[in-house]
Amino acid sequence: MQPAPLSRSQEDASPLSPISVMLSGAASRHYDIVVRAGLLQSLGPLCQPVLLADARILILTDAQVAERYLSLATQTLQASGFEVVPCIIPAGEGSKTLAQAQKVYELLLQSGFTRKDAILGLGGGVVGDLSGYCASTYHRGMALIHVPTTLVAQVDSAIGGKTAVNFDRVKNIVGTFYQPLAVFSDPVLLESLPPRELAAGMAEVIKYGLIEASCLAENVADGADGYEGDFFGWLLNHTEKGTLRQHFPEMIRRCAAIKAAVVMQDELETKGLRFFLNLGHTFGHAYESLSQYGLLHGEAVAIGMVKAVRLSIQLGLIDPALEAQLLALYQPWELPAQPPSTMTFEPAALLQKMRQDKKNRDARIRLILPVKQAGQVVVRDDIPDAQILALLAE
Ligand SMILES: NC(=O)c1ccc[n+]([C@@H]2O[C@H](COP(=O)([O-])OP(=O)(O)OC[C@H]3O[C@@H](n4cnc5c(N)ncnc54)[C@H](O)[C@@H]3O)[C@@H](O)[C@H]2O)c1
Ligand SMILES: [Zn+2]
């Protein structure tokens with residue numbers, strides 16, 4: 001593992017500019033995503049322009065994150081004049097429930113919170129999804145700020161406004177679209193993440209490399225808003241040089257910018273663009289669910305992306321060199337290209353799961369496949385079952 005370059009006590013001297021998310025609708029809405037090393041210690045001043053001066057803040061966090069970061073977050077918010085109420089939930093997916101949401105509502109009510117007050121979600125995707133769900137429903141919508149603490153949350157779940165709880169064993173089946181007032185990401189917090197969780201987040205990062213150009217095509221004018229393009233090449237370059245970890249703030253910012261661009265064009269998932277974010281996920285969800293969640297989501301997506309790339313190569317859509325490049329990006333993080341030998345998967349059962357994917361239309365398996373060069377993708381629903389089965393059997 002490469003050395004961690006960022007000092008916990010110092011803020012990044014040359015911060016990257018915020019990413020502006022501009023959404024249209026009845027009233028135009030706008031918020032910033034700020035990515036800066038060491039930002040947690042300035043959370044109070046960062047929240048001041050976003051919240052009303054007398055807003056109270058419920059910090060929703062999980063037990064593992066609370067142990068490390070709750071007191072610093074509380075101190076800086078209190079020093080900026082905010083009254084803070086902590087709400088600590090158990091860590092893990094099991095907390096994304098209506099029962100947990102009810103506990104949050106009870107605390108909000110007991111503490112006399114109103115619409116002008118805020119929920120600040122300090123944690124990974126579980127905390128973020130629950131925070132968003134509660135903030136969007138309590139008082140028909142109160143202020144929401146995301147402070148994502150996992151790589152998955154910083155590059156994916158905190159951006160885009162999807163909130164959810166699980167219900168009746170169906171994941172994310174109850175939820176809302178609800179945008180935060182701001183997202184504050186501190187890459188330094190990732191230093192305490194378990195390596196497997198960090199690697200799972202890297203799978204989503206690499207996914208952005210494979211879809212970037214298709215996501216940005218419509219709305220990016222000549223490098224506007226700092227989009228440099230060729231994120232895949234950038235990742236390869238830093239991986240080869242072993243410098244990726246030192247560039248985490250830039251990496252996270254670039255991923256956030258890609259997701260924000262998709263969300264700005266397709267906020268409510270009605271135009272198909274958000275679908276590109278599912279590269280590797282149709283294969284991946286099948287592995288994830290048949291592993292009885294023994295595979296992390298990101299690990300399953302890593303396996304799924306290899307399948308998607310191989311299929312593209314078979315179909316002559318992309319240069320065969322892409323597979324080796326993808327595996328080179330996986331290597332430092334020990335991301336799996338195939339399921340571990342300790343797990344067995346029946347290809348027919350995997351195919352059956354893929355058929356049940358909720359993103360399918362007319363019972364046809366819809367796949368996002370790389371095309372032309374890394375960064376570009378196409379949606380295909382005409383791949384013969386036999387070809388998919390052969391890939392699943394590899
Ligand atoms: N809303 C969306 O668009 C969206 C997108 C992707 C995923 N999700 C959801 O996100 C969830 C997964 O998120 P996740 O991968 O962040 O998992 P998570 O929130 O469960 O966090 C993973 C683990 O890391 C711990 N942790 C968090 N930050 C830490 C830190 N800085 N140091 C040490 N430990 C830390 C947590 O306590 C937890 O045990 C799923 O429920 C998924 O459905 C939502
Ligand atoms: Zn994912």
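These legends accompany close-up views of a predicted model.

**View 1. The shell around ligand 1.** Ligand 1 is surrounded by 27 residues. The closest are Gln64, Gly124, Gly125, Thr150 and Ser157. Three helices each supply at least two residues of this shell: helix 2 (63-79), helix 4 (125-137) and helix 5 (151-157). By residue type, the shell divides into eight nonpolar, eleven polar and eight charged residues.

**View 2. Two domains and their contact.** The domain assignment of the protein chain gives domain 1, residues 19-192, and domain 2, residues 197-393. Taken over C-alpha atoms, the domain centres are separated by 27 Å. Each domain brings 21 residues to the contact. On the side of domain 1 that touches domain 2, strand 1 (19-23), strand 2 (29-35) and helix 5 each supply at least two residues. Helix 5 gives the largest share of that side, five residues. The residues on this side of domain 1 divide into 14 nonpolar, five polar and two charged. Helix 5 thus appears in two views: it supplies residues to the shell around ligand 1 and to the side of domain 1 that touches domain 2.

**View 3. Helix 2, a bent helix beside ligand 1.** Helix 2 supplies at least two residues of the ligand 1 shell. Its 17 residues should span 24 Å at 1.5 Å a residue, and its end C-alpha atoms are 23 Å apart, which agrees. The helix bends by about 60 degrees at tyrosine 69. Tyr69 is also one of the buried residues of helix 2, with Val65, Ala66, Ala73, Thr74, Thr76 and Leu77. These buried residues pack against helix 1 (43-47), strand 3 (56-62), strand 4 (83-89) and strand 5 (118-123). Just after helix 2, glycine 81 takes a positive phi of about 95 degrees.

**View 4. Serine 192, in a loop before helix 6.** Serine 192 is found in the loop between strand 9 (182-185) and helix 6. Is serine 192 buried or partly exposed? It has 15 C-beta neighbours inside 10 Å, so it counts as partly exposed. Valine 65 is 127 residues away along the chain, yet the C-alpha atoms of serine 192 and valine 65 are separated by 9.4 Å. Valine 65 is among the buried residues of helix 2.

**View 5. Helix 6, kinked and largely enclosed.** Helix 6 covers residues 195-216, 22 residues in total. From first C-alpha to last it reaches 30 Å, close to the expected 32 Å. A kink of about 55 degrees is centred on leucine 210. Of the 22 residues, 18 are buried, so helix 6 is largely enclosed by the rest of the structure.

Conventions. Residues are numbered from 1 along each chain as its sequence is written. Chains are lettered from A and ligands numbered from 1 in the order in which they are written. This is a predicted model: local features need pLDDT of at least 70, side-chain atom pairs count only at pLDDT 80 or more; totals for chains, interfaces and linings use all residues. A residue is near a molecule or strand if its C-beta atom, placed from the backbone, lies within 6 Å of it. Helices (H or I, at least four residues) and strands (E, at least two) are DSSP runs, numbered from the N terminus. Ala, Val, Leu, Ile, Met, Phe, Trp, Tyr, Cys and Pro count as nonpolar, Asp, Glu, Lys and Arg as charged, and the others, Gly among them, as polar. Domain bounds come from an automatic or database domain assignment. Two residues are in contact if their C-beta atoms, placed from the backbone, lie within 7 Å. The expected span of a helix is 1.5 Å times one less than its number of residues. The bend at a residue is the angle between axes fitted to the seven residues ending there and the seven starting there. A residue is buried if 20 or more other C-beta atoms lie within 10 Å of its own, exposed if 12 or fewer, and partly exposed in between; C-beta atoms are placed from the backbone.
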